[in-house]
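Hi everyone, thanks for coming. Let's have a look at this one together on the screen.

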Amino acid sequence: MAMAATASAAYYLQDVVSWQQRWRMNITLLRPSSLSLFYFPSSTTTKKLTCRCTAASDGVFSVTPPSKADFDYLGQSTKGDLNLINLGIGETERRLDGRGPIEDVARMEAQEAEHLLNHLGIPDPFSSRYSPRGIFCTRTLNLRSITAIGYDMDYTLMHYNVAAWEGRAYDYCMDNLKNMGFPVDGLSFDPELVIRGLVIDKEKGNLVKADRFGYVKRAMHGTTMLSTQTLSEMYGRELVDLRKESRWEFLNTLFSVSEAVAYMQLVDRLDEGAIAADLGPLDYKGLYKAVGKALFRAHVEGQLKSEIMSKPELFVEPDPELPLALLDQKEAGKKLLLITNSDYHYTEKMMQHSFNRFLPNDMSWRDLFDIVIVSARKPEFFQMAHPMYEVVTGEGLMRPCFKADSGGVYSGGSAQMVEKSLGIQGDEILYVGDHIYTDVSQSKVHLRWRTALICRELEEEYSALVHSRGHRTTLIELINQKELVGDLFNQLRLALQRRSKGRPAQTVAATHMDDKELNESIQKLLIVMQRLDNKIGPMMESDGELFNKRWGFLSRAGLWDKSHLMRQIEKYADIYTSRVSNFLHYTPFMYFRAQEQTLAHDSYSFHHPNRGDADSEDEE
């Protein structure tokens, strides 16, 4: 094995030791494809574990180049896969053949792999998936075949404290509205008023939560939740259609929180008649424009970002693992890109604060990225060409250019220029961002880049779902009981209907039921169902309140269905997770496999006995 591979493995295992603290390890090289690890849980016990080394070694391993890449049985490119060169393969194959069928060998190898991972203190991908910091896959993705990974910055590579950042954005917005003459005294920022994935109805002054089909499931006018009856009367014949941008505004990102809170509060003031007439005849649409204008000024005038740059520690939540996750990707040969709409000075200051102190060997955040693009003007960055400028001084002075070189910092440009500069395109690039439209949808639709969505709220939702298990289990049990009682009620009701028309009931037994018995049974079942409804209704209403009392869970619309946000995620994001540092638990070589998608008839077909099998058994 090459010295670099040995050193790399030793460095990694030393890192593992630092996590375990109580283990002492000695590393002995056995052969090019393995390492021997000795660990001492106590002073009297010594155990030996053997693991494969993933680093390529001269004469033993080769990495599949793009020119020789094929596609596997799941349709993923084999580019970047590690292969064994013929040297010594015969002996290895004979040893494997001697252990029996591949199914048995694989079962034993999987058990040994799990055992070794446990001893090293490394979570396997399966256990990582079942955690609030898992990476969840909607479309199979082979990270080995990815040549470049691009990252957004705000709420992606750095997570802001929402109450602090959006709270200050709200304050500046309200100051601007007050200067415009709007009555904002007494209003304060309430981050619990809205969640990501809701939709503003600019015609009605409502905030709505829709399911995956666009049906409105919950709604709020101003700051007051609407009743089910009002909801049905208002939206019974309408679907949320995000293509109609003049009416619907989707809350794509946490940056939308401050704007939505301000708007919904001012809808109340408009309904109260508190907005002065000299501001003009405002309707709900006009009010939305006024709020948007005030918030836009807060961003453009620079006071908000200047305040954040002066005290980033008050607004940014540090994540020491994040730079290390990117370092793993870079050392695995990935080209890393930073593509942000933020300007050069803000990007430089915030990235220094968030990255430099957590990187080894005096590395800077700039050392991680092959290309940095600021003021990218997404989503237009993915849609059309814009001039590109190279940032040539620390003060941000720029000059025009036509190509991005490795190590450079640029302003503007387009995704096509990035592809041309790197000599790659399409599904060779993975782009990671927090904005479902600007980052994920547009890079997917226009360029067919692979995509990852960052949604920090997943961690809180996961925890809320775990703590809601008892509630949801009881609720589902009650619903199933009502369904069973309801089936009998409906059959008896039909029997009564047929009897009134002089026709026989569905069965002989039902036909011969006494009139009194039939009526009493129907009455009893009706009372039971009404009481079940009285129990189920409030429980349905409170489902998800551990995440948000008004809107319930982020990813769900009601007990059974997905939210409109979840539908957008499944449609445009190949993978999604709560934070970029979650990649640290998966390695840059991970093969993310999409899970089986259940259909409405799956559970029935799964539990239904196979008639042919039953017949065969009878024949035997």
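I'll start with the lining of the second largest pocket, where helix 4 (125-129), strand 6 (135-137), helix 15 (457-467), helix 16 (469-500), strand 24 (561-562), helix 19 (564-572) and helix 20 (602-607) each supply at least two residues. Helices (H or I, at least four residues) and strands (E, at least two) are DSSP runs, numbered from the N terminus.

Two quick notes on where this comes from. This is a predicted model, in which local features need pLDDT of at least 70, side-chain atom pairs count only at pLDDT 80 or more, and totals for chains, interfaces and linings use all residues. Residues are numbered from 1 along each chain as its sequence is written, and side-chain values use heavy atoms, leaving out hydrogens and water.

Back to our pocket: which residues lie nearest its centre? They are Arg 556, Lys 562, Glu 570, Tyr 576 and Thr 598, out of 37 that line the second largest pocket. A pocket here is an open set of points on a 1 Å grid over the protein atoms alone, where a 1.4 Å probe fits, with protein on both sides within 12 Å along at least five of seven lines; lining residues have an atom within 4 Å of a point. By class, the lining has 19 nonpolar, six polar and 12 charged residues, with Ala, Val, Leu, Ile, Met, Phe, Trp, Tyr, Cys and Pro counted as nonpolar, Asp, Glu, Lys and Arg as charged, and the others, Gly among them, as polar.

Now the sheet. Its five strands form an open sheet in the order 13-12-11-10-14, with antiparallel pairing; two strands pair if DSSP finds at least two bridges between them. At the edges sit strand 13 (224-225) and strand 14 (248-250). Strand 10 (residues 199-201) is joined to strand 14 by three bridges, and Val 199 has Phe 250 as its bridge partner there.
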